[in-house]
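Colleague: Thanks for sitting down with me over this one. Could you bring it up so we can go through it together?

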Amino acid sequence: MGASIDTEMGIAPTRSYLDPEHETMPRERLAQLQLERLQATVRSAYDTVPLHRARFDARGITPHDIRSLDDLAQLPFTVKSDLRDHYPFGMFTQPVEQLARLHASSGTTGKPTVVGYTATDLDTWAGLMARSLHAAGARRGDVLHNAYGYGLFTGGLGAHYGAERLGAVVVPMSGGSTERQVALIMDFRARVLCATPSYALAIAEVAEHQGVDLRGSALRVGLFGAEPWTDGMRREIERRLGLRAVDVYGLSEIMGPGVACECVCQSGLHGWEDHFLFEVIDPESGRVLPEGEAGELVITTLTKQALPMLRYRTRDITRLTTAPCDCGRTHVRILRITGRNDDMLIIRGVNVYPSQVEAVLVGLPDLAPHYLLVVERRGTLDHLRVQVEAQPGVDPGRHPQLARDATHHIKSLIGITTEVEVQATGSIARSQGKAVRLRDLRPKDSP
Ligand code: DLL
């Protein structure tokens with residue numbers, strides 16, 4: 001979007017509100033700062049967390065071996081199961097009574113993963129989330145409607161304290177009670193909306209049912225994240241809510257929301273490199289990939305006290321670029337997260353992420369962006385059924401033809417054969433947080 005739209009949206013030109021000391025630091029100085037912080041992080045992890053020390057010992061390395069940023073590649077990876085295996089507090093650097101907060105993810109299988117923060121960690125997090133909100137176009141004094149879930153999930157409280165730090169006026173809504181959300185967005189004249197992209201769409205839909213036109217509301221900026229979404233979904237949300245939708249990324253193991261965030265240029269997530277190191281690796285071999293190649297995002301924390309993470313394998317698939325952004329920020333950009341390794345399907349030999357199917361569906365004007373992918377085993381082969389709603393008002397008699405068209409587009413754009421079922425409006429469950437896009441009906445013991 002250009003400057004004229006900035007003016008129209010009530011957003012000042014981008015360069016004027018950078019934090020130049022941190023966000024536009026020349027990359028050589030940034031590298032110096034990163035090395036100092038990496039060395040301190042590695043030292044702390046090695047000295048206080050038995051798992052890290054054992055892994056260093058097994059490799060025959062000590063913190064002294066980290067002399068340059070290139071030495072990062074020597075460090076062992078950390079994975080999600082490490083947190084589960086050392087449940088609940090085994091990876092913390094200090095006794096739990098010295099911490100200020102715990103968060104946890106429910107985990108689909110077995111034990112949750114627990115993460116801890118010192119008071120300083122919470123302060124850093126609030127600062128980075130405030131920085132993210134600012135980059136996205138939120139300002140001091142804005143009413144910020146926070147529909148991320150409050151509780152053990154990091155979304156609600158993460159956005160909340162970042163917004164307070166920015167000086168915004170926070171409405172701590174959490175998810176659910178969607179009709180009430182619409183009323184309060186209107187009544188309190190919210191300028192900023194924080195929600196998962198799927199819930200933002202659910203809010204838009206409920207407003208439309210109520211005859212409320214959110215495009216005429218005070219909303220101007222949306223920070224959407226916590227789940228994969230496509231540019232097609234972005235356009236749909238912007239069209240229906242009348243705001244600028246930016247992508248925000250984070251994960252509890254590293255911090256929570258605000259690890260990276262798009263600026264108003266909407267050209268990829270600025271990864272806050274003064275606090276994190278980002279690498280992309282080949283998920284099979286673990287080899288670090290050159291800039292621009294797609295692979296698994298690996299993050300090392302540089303300032304976390306309670307739970308430093310060394311080369312954490314996020315399982316998120318993306319690409320990095322250090323090409324300059326129009327906003328002037330020098331930090332690396334993480335291009336859209338296309339999906340998680342865990343969500344990748346192999347349909348007759350073709351690798352496919354749910355977001356690829358979403359990109360095709362949102363490109364078809366008679367289909368609504370509400371869908372569910374159902375994977376089944378038929379004989380020895382995996383089979384994908386795509387359940388998708390028609391846009392409201394579409395004649396049900398046209399559903400079979402729309403299904404054939406969608407099947408054809410998915411085949412020609414992704415290369416997989418699917419069975420598309422076009423359904424009536426409202427037949428797919430709406431999310432209040434992270435949307436469930438995939439239902440796996442394959443026998444549990446199958447590979
Ligand atoms: O989802 C933190 C968060 C809250 C981020 C609010 C943004 C906004 P977890 O519950 O630990 O933390 O889930 C982290 O969600 O590894 C990704 O797979 C996915 N994810 C988060 N942000 C994005 C995004 C929060 N912008 C996991 N695009 C991550 C795609 C995302 N996936």
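Colleague: How far is a nitrogen atom of the ligand from a polar backbone atom of Glu-227?

Modeller: Happy to help, and please keep in mind that this is a predicted model. A polar contact here is a pair of N or O atoms within 3.5 Å. The pair you ask about, a ligand nitrogen atom and a polar backbone atom of Glu-227, is separated by 3.3 Å.

Colleague: What share of the ligand's accessible area does the protein cover?

Modeller: Backbone atoms take part here: a polar one of Val-248 lies 2.8 Å from a ligand nitrogen atom, and one of Pro-228 lies 3.5 Å from a ligand nitrogen atom. On its own, the ligand has 610 Å² of accessible area, and the covered share is 93%.

Colleague: Which element gives the largest share of the shell around the ligand?

Modeller: The ligand has 20 residues around it, and among those that come nearest are Asp-247 and Val-248. At least two shell residues each come from α7 (154–166) and β7 (244–251). The largest share, five residues, belongs to β7.

Colleague: Nice. Are α6 and α7 roughly parallel or roughly perpendicular to each other?

Modeller: Their axes are 7 Å apart, and the packing angle is about 75 degrees. Trp-125 and Met-129 of α6 are among the contact residues, as are Tyr-161 and Leu-166 of α7. Angles of 65 to 115 degrees count as roughly perpendicular. The two helices, α6 and α7, are therefore roughly perpendicular.

Colleague: And how many nonpolar residues does the contact of α6 with α7 have?

Modeller: Sorting that contact by class gives five polar and two charged residues. The nonpolar residues in the contact of α6 with α7 number nine.

How values were computed. Residues are numbered from 1 along each chain as its sequence is written. This is a predicted model: local features need pLDDT of at least 70, side-chain atom pairs count only at pLDDT 80 or more; totals for chains, interfaces and linings use all residues. Side-chain values use heavy atoms; hydrogens and water are left out. A residue is near a molecule or strand if one of its heavy atoms lies within 4 Å of it. A polar contact is a pair of N or O atoms within 3.5 Å; within protein, one must be able to donate a hydrogen and the other to accept it, and residues adjacent in sequence count only if both atoms are side-chain atoms. Accessible areas come from the Shrake-Rupley method with a 1.4 Å probe; for residues, only the protein chains shown count as cover. Helices (H or I, at least four residues) and strands (E, at least two) are DSSP runs, numbered from the N terminus. Axes are lines fitted to C-alpha atoms, for helices over the stretch in contact, and angles run from 0 to 180 degrees between N-to-C directions. Angles under 35 degrees count as roughly parallel, over 145 as roughly antiparallel, 65 to 115 as roughly perpendicular and the rest as oblique. Contact means heavy atoms within 4.5 Å. Ala, Val, Leu, Ile, Met, Phe, Trp, Tyr, Cys and Pro count as nonpolar, Asp, Glu, Lys and Arg as charged, and the others, Gly among them, as polar.
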